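Biologist: Could you put the model up on the screen? I'd like to go through it with you, one question at a time.

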Amino acid sequence: MKKETQTEKNSFATKTDEELVALTLEKPEVYAFLVERFEEKLLRYIMRISRSTKEDGEDLLQEVFLSAYKNLNDFDQDLKFSSWIYRITHNKVISHFRKVTARPKTTTYEGDSNLLNILASDEDIARNLERKYTAQEVKELLEKLDERYREVLVLKFLEEKDYKEISDILEKPMGTVATLISRAKSQFKEKMLEGSSNRQ
Amino acid sequence: MTKISENILKTIAETRVKPEPKWKFLVRNWSTLILFGLSLLIGALSFAVMLDIIVRHDWDIYFYLHKTFLQYTLLSLPYVWMLLLALFAGVAYYDFIHIRGWYRHRVYLVVLASIFLSVGCGIVFFLAGFGKIIDRALTKNIPAYGLVKVNKEELWNHPDDGLLGGEIIEVKNENEFVLEDATGKQWDIQDAEAKLNSIDINQGENIEIIGSRESADKFVAKKIREADSEKEDEFIKKREAMQSKKVLELKKENKDSEKNEKSGEAERSE
């Protein structure tokens, strides 16, 4: 019996997200596999774009998974499941902060400081990179950005989503996503240069 | 199983939450799509009525009403239809952002395409006469509509300024007839220079006259034109029917004479 369950588990592990969605509609228990696949990524995403504590983030994440479960039949097969559930998460975070009338703030993770390395494509930025920026400083810089710019930067460089995925998550055309990313990069660099000249 | 997934499965089991049925989403998606189409259609019809009102408006009489062309234009614009068009453009935009997958298109492209469609269909509807039909139907059946549109009867009820409209109730002779205006007052009309107009003066016809008031109930006409009314429509229809009947008769006559000629020739050759 235990062996059977283990084999079943292994077979679910090899299924694609989209296949798991179809299976969940027949057997609700299968949903646990989808939750396990995404819980860490989504919690990290929530924390990156919201001011919540880990506990609040987990509550929000529960809401996300429940909402996704209720709307499984609305899952658009043209999308990746990951884009769809990121979209739900993004909308939940936005509506949550609308309710509490606060602007979401960022929480950073180890490795977020790499964002600077990724964005440092010109000499000015490179010069500024001579000193090492901490994750906390990156967080402060991100907080200074307009909300729409911050969310695309997080999706593109921290969540490593491509343009098509960002377009599906934010429900914006790909051209608009490209424009937003380019403007977000400029604003990020601007804020970084401002910060370094203030320090000098 | 992780703590979160365990909690979620527990909540699902306890609250007996189930995925919403597929048909609900299908209905929602189709309703937004249909509403979008309807908004475009109503927008196009509004545009057709707007166009019809603008085209049929008496733009040449502002001078008689002592107004500048700009003042007269501002008074004459079909604001109700302009508002309706804007309202349904808004509804179409709201629908657009809620139609599944349409976020992939550039907003300005969809807005431009919608405007192009509404205007294009609006012109077609206008040419097909839908604008006129809708305007007439609303005027006839909804009294409030008459209050918000330019009142043509009122516009042509300025005898002191040289504008008079109404129905011909009696034709006295070639140069004189009696007209009843919108208020029920009867006028003796002298058709001085207006004879030059190629309009038939018949009892029961609605006309608009540009001229001058001679006395309390006498008006000298300089220009007479058919009023844009339902009666005029009927009159035009009758005239068109008569003309097409005449054309048919003429064609028949021509055919008959051709036949006669051919049979005559055949007889002669025998």
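Biologist: In which sense do strand β2 (residues 163-173) and strand β3 (residues 176-181) of chain B pair?
Modeller: Strands here are DSSP runs of E, at least two residues long, and helices are runs of H or I, at least four, all numbered from the N terminus. Two strands pair if DSSP finds at least two bridges between them. β2(B) and β3(B) have 6 bridges, and their sense is antiparallel.

Biologist: Which residue of β3(B) stands opposite Val171(B)?
Modeller: β2(B) leads into β3(B) by a hairpin with 2 residues in the join. Across from Val171(B), in β3(B), you'll find Phe177(B).

Biologist: And what is the bridge partner of Leu179(B) in β4(B)?
Modeller: β3(B) also pairs with strand β4 (residues 186-191) of chain B, antiparallel again, over 5 bridges. Their hairpin has 4 residues between the strands, and Gly184(B) there takes a positive phi near 95°. For Leu179(B), the partner in β4(B) is Trp187(B).

Biologist: How far can I trust this, and where in chain B is confidence lowest?
Modeller: It's a predicted model, where local features need pLDDT of at least 70 and side-chain atom pairs count only at pLDDT 80 or more, while totals for chains, interfaces and linings use all residues. Residues are numbered from 1 along each chain as its sequence is written, with chains lettered from A and ligands numbered from 1 in the order in which they are written. pLDDT is the predictor's confidence in each residue, from 0 to 100, and chain B has a mean of 83. Confidence there is highest in helix α2 (residues 22-56), at a mean of 93, and lowest, at 66, in helix α9 (residues 230-269) of chain B.

Biologist: What share of chain B counts as buried?
Modeller: A residue is buried if 20 or more other C-beta atoms lie within 10 Å of its own, exposed if 12 or fewer, and partly exposed in between, with C-beta atoms placed from the backbone. Chain B has 9 helices and 6 strands. Of its 270 residues, the buried share is 20%.

Biologist: Which element of chain A gives the most to the side that touches chain B?
Modeller: Two residues are in contact if their C-beta atoms, placed from the backbone, lie within 7 Å. The contact takes 26 residues from chain A and 21 from chain B. On chain A's side, α3 (31-49) and α4 (54-70) each supply at least two residues. The biggest giver, with 7 residues, is α4(A).
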